[in-house]
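User: Please take a close look at one part of this model, starting with its backbone geometry. Then work outward from there in one connected account.

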Amino acid sequence: MGHVDTGKTKLLDCIRGTNVQEGEAGGITQQIGATYFPAENIRERTKELKADAKLNVPGLLVIDTPGHESFTNLRSRGSGLCDIAILVVDIMHGLEQQTIESLNLLKMRNTDFIVALNKVDRLYGWKTCRNAPITKAMKQQSKDVQIEFNMRLTQVITQFKEQGLNTELYYKNKEMGETFSIVPTSAISGEGIPDLLLLLIQWAQKTMVKRLTYSNEVQCTVLEVKVVEGHGTTIDVVLVNGVLHEGDQIVVCGLQGPIVTTIRALLTPHPMKELRVKGAYLHHKEIKAAQGIKITAQGLEHTIAGTSLYVVGPHDDLEHIKEVAMED
Ligand code: GTP
Ligand code: MG
Ligand code: NA
């Protein structure tokens, strides 16, 4: 999450090795995105930190949200889907209007977050250390760069303080939970990306393993309704909890009433690819959370984005589920 143009999509591009941002109209994100990062890729990307992080989580599903002021509803929806957020702040601009709006959403839902203090490569005289851990990159910098960095960092910490939040550089942060961690990053040259990924994984390891084991109830949100050549009208969803199967009977909220249909195909982009970008799809017989999924089925034309998807189990009361689906 974060203010427009702080580099949210570019950070994901840097991790994925993709170019999604340059394909966006006006360089502005206008939809929620979702990308699956397998643990293997993350391990590879963090190995220089030698943290030897045990990865008992299968991977991370990362959701991208727009920062433009007109998309408050999408930021709200995005923040409602996540277990932890990355709040991206432009080091040259500090906290901005939608940074604060995002902060308030996170506070409201009591969502944990990490601050990515992005665009460090724009500090005057920055020496590129491609994809290096941030402390290593910092050591390569001149005194002047270090002074400017510390000055801007202090300003940002003060601005967070004004919002009632304690923040600190992650490697100085001794009270995780009380004090939020800041990771300096560059989405262009990749400094700090290993650190950001490692923090996410360590957090997931600590918090998610238990939760993943116990949540079987389907929790699934419709992001987009899209016509795709060869598939008809499809819905892009984020499956937050539970399992979906090909052939499952589902109910979604429609403009003209509840839509009851059957999942014809469960499609995902390849790992490390963005769901909102057209590409090749993988077919699945069943999918476990968390995943960004394209669902094909009949009759989805009037589905309302932002609502929940329900699965009708063998012992469920369809009429009741139809009512619940329309309450969204
Ligand atoms: P919205 O989704 O529209 O809110 O923007 P965003 O936060 O996703 O930012 P985006 O990735 O679109 O990047 C905005 C601009 O900043 C682009 O021109 C990027 O190339 C540039 N940019 C992003 N990250 C960095 C960075 O770390 N360093 C530098 N120098 N430029 C960056
Ligand atoms: Mg973006
Ligand atoms: Na942008």
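Analyst: Asn131 sits in the loop between β4 and α5 (134-139). The model is predicted. Phi of Asn131 is near 60°, a positive value in a residue that is not glycine. How enclosed is Asn131, by its C-beta neighbours? Asn131 has 17 of them inside 10 Å, so it counts as partly exposed. The cut-offs explain the label: 20 or more would be buried, 12 or fewer exposed.

Asn110 offers a parallel case. Its phi is also near 60°, again positive in a residue other than glycine. Asn110 belongs to the loop between α4 and β4. Here the count is 6 other C-beta atoms within 10 Å, so Asn110 is exposed. One asparagine is thus placed in the loop between α4 and β4, the other in the loop between β4 and α5.

Strand β4 is the natural next step. An open sheet of four strands runs in the order β3-β4-β6-β5, with parallel pairing. β3 (84-90) and β5 (167-169) stand at the edges with a single partner strand each, so one side of each has no neighbour in the sheet. From one strand to the next, the twist averages 30°. Seven bridges hold β3 and β4 (residues 112-118) together in the parallel sense. Within that pair, Val88 faces Ala116 of β4. Helix α4 (residues 97-109) packs on this sheet and touches both β3 and β4. The direction of α4 makes about 165° with that of β3. In a regular strand, side chains alternate between the two faces of the sheet.

Helix α3 (residues 72-81) adds to the surroundings. Which of its residues are buried? They are Leu74, Arg75, Arg77, Gly78 and Ser79. These buried residues pack against β2, β3 and α4. That brings in β2 (residues 59-64). Five of the six residues of β2 are buried, so the rest of the structure largely encloses this strand. β2 is joined to β1 (residues 33-38) by six bridges, and the two run antiparallel. Pro38 stands opposite Gly59 of β2.

Now the core. The largest nonpolar core counts 80 residues. Leu87, Ile114, Val115, Ala116, Val183 and Val237 have the most contacts inside it. Helix α7 (residues 193-214) supplies the largest share of this core, eight residues. Ala116, the partner of Val88 across the β3 and β4 pair, is one of the residues with the most core contacts. In soluble globular proteins, nonpolar side chains tend to be buried together.

Val237 leads to another sheet. Beyond its neighbours within four places in sequence, Val237 contacts Cys220, Thr221, Val222, Leu223, Ile293, Ile295 and Leu309. An open sheet of five strands has the order β7-β8-β15-β12-β13, paired antiparallel. Its edge strands are β7 (219-228) and β13 (281-284), each paired on one side only. Neighbouring strands here are turned by 35° against each other on average, direction ignored. Strands β12 (residues 265-269) and β15 (residues 291-296) pair over three bridges in the antiparallel sense. Leu266 has Ile295 of β15 as its bridge partner. Ile295 is also among the contacts of Val237.

One backbone feature leads into β15. Ala289 and Ala290 are joined by a cis peptide bond, with omega about -5°. Ala290 lies in the loop between β14 (286-288) and β15.

Thr221, another contact of Val237, gives a sense of the span. Its C-alpha atom is separated by 31 Å from that of Thr46, with their positions 175 residues apart along the chain. Thr46 belongs to helix α2 (residues 39-46). Is Thr46 buried or exposed? Thr46 has 24 other C-beta atoms within 10 Å, so it is buried.

Last, the ligand. Around ligand 1 there are 23 residues, and Gly7, Thr9, Lys10, Thr29 and Gly67 come nearest. Helix α1 (residues 8-16) gives the largest share of this shell, three residues. By class, the shell holds six nonpolar, 11 polar and six charged residues.

Note on methods:
Residues numbered from 1 in each chain as written. Chains lettered and ligands numbered in written order. Predicted model: local features only at pLDDT ≥ 70, side-chain atom pairs only at ≥ 80, totals over all residues. Pairing = 2+ DSSP bridges. Axes fitted to C-alpha atoms, helices over the stretch in contact; angles between N-to-C directions. Near = placed C-beta within 6 Å. Nonpolar A, V, L, I, M, F, W, Y, C, P; charged D, E, K, R; others polar. Core = buried A, V, L, I, M, F, W, Y, C linked by C-beta atoms within 7 Å. Contact = placed C-beta atoms within 7 Å.
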